Amino acid sequence: MKGIALRQMYKQYRDALMQVYPMQEAESQTLWLMAYFLKISKRDLLKNAVIETVPDSLPKALKELLKGKPIQYILGETPFYGRNFTVGPGVLIPRNETEELVHLVLANHSGRLKVLDIGTGSGCIAISLALEMPKAEVGAMDLSGEALSMAKENASRLKAAITFFQSDVLLDPLPLSGLDIIVSNPPYVRASEKDFMHKNVLEHEPHLALFVSDEDPLKFYKVIVKKSQKHLKKGGYLYLEINEAFGNATRSLMEDNEFEEVKIYRDLNGKDRIVWGRRLH
């Protein structure tokens, strides 16, 4: 393909993706693809620059997107809190809401703190906290060896000092104690909510990191709250990303387990997204 105008290509790719995605998502994914494979900016698109050649990898990527594969897995990376993280099918793709979790922790804390991230996945939470709080001692745990391998790769590439642990939060004691902060984004999507999810999530992202049963949707939260009592310092803080349907239930769970000043944080879309509080005893 030679001498093609960028606007023409943009419209062609966007229209193709609109067969699968809503318009806004199709537009953003088209821009993302073109920026990644053609090394162009939005300014180039607005100027309707002409390019001489298109790499074969670009139409191949479009085909994968049309089959429902997430763009982050196609590109092998995703932005999170101002940095690019390597991601693949073995880890959950970091969401914008989780950036808000990181931002809330950073807004409330600084200094020589001891922090543990439970269920680290790609390592995006732990690595972001370690890099933004350079005096902190940060640990991260996950059950999945594949996820830990990717998290270690991200930590090495981004030069973040993290201690990693392979551990099952449901069965094992937490690997660190005397903690100032525990943070977690555990599985919280109910099985019944699968019907409302896009196939690019259902068919590609790890269900282990996403879903819980309808019968016990707070399964992970009950365990994390209980274990946090033993591993947090008195006055230490627990931060939990949650299913928007369980803000009050999660707050009650923490209050019933001797956490005080428990608050619900609403995300930028106005949905209950984070519950956090301080260990009383």
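In β6, Glu-137 is the bridge partner of Lys-114. That pairing is a handy way into this predicted model, since it belongs to a longer match: strand β5 (residues 114-118) and strand β6 (residues 137-142) run parallel and are joined by five bridges. In general, the strands of a sheet pair through backbone hydrogen bonds, and the pairing can be parallel or antiparallel.

Stepping back, β5 and β6 turn out to be part of an open sheet of seven strands. Reading across, the order goes β7-β6-β5-β8-β11-β13-β12, and the pairing is mixed. The edges are taken by β7 (162-166) and β12 (259-266); each has just a single partner strand, so one side of each is left without a neighbour in the sheet. From one strand to the next, the twist averages 15°.

Then come the helices. Helix α6 (residues 96-108) packs on the sheet, where it touches β8 (179-184), β11 (232-241), β12 and β13 (272-279). Its direction makes about 155° with that of β11. Helix α10 (residues 219-231) lies across β5, β8, β11, β12 and β13, and this helix runs at about 160° to β11.

As for the chain as a whole, it has eleven helices and 13 strands. Of its 281 residues, 51% are buried. Taking contacts between residues at least 6 apart in sequence, 66% join residues at least 24 apart. On the outside, the chain exposes about 13700 Å², with carbon and sulfur atoms supplying 50% of that area.

Key: Residues numbered from 1 in each chain as written. Predicted model: local features only at pLDDT ≥ 70, side-chain atom pairs only at ≥ 80, totals over all residues. Heavy atoms only, no water. Pairing = 2+ DSSP bridges. Helix = DSSP H or I, 4+ residues; strand = E, 2+ residues; numbered from the N terminus. Axes fitted to C-alpha atoms, helices over the stretch in contact; angles between N-to-C directions. Contact = heavy atoms within 4.5 Å. Buried < 20%, exposed > 50% of the residue type's maximum accessible area, 1.4 Å probe, protein only. Areas by Shrake-Rupley, 256 points an atom, 1.4 Å probe, with all protein chains shown as cover.
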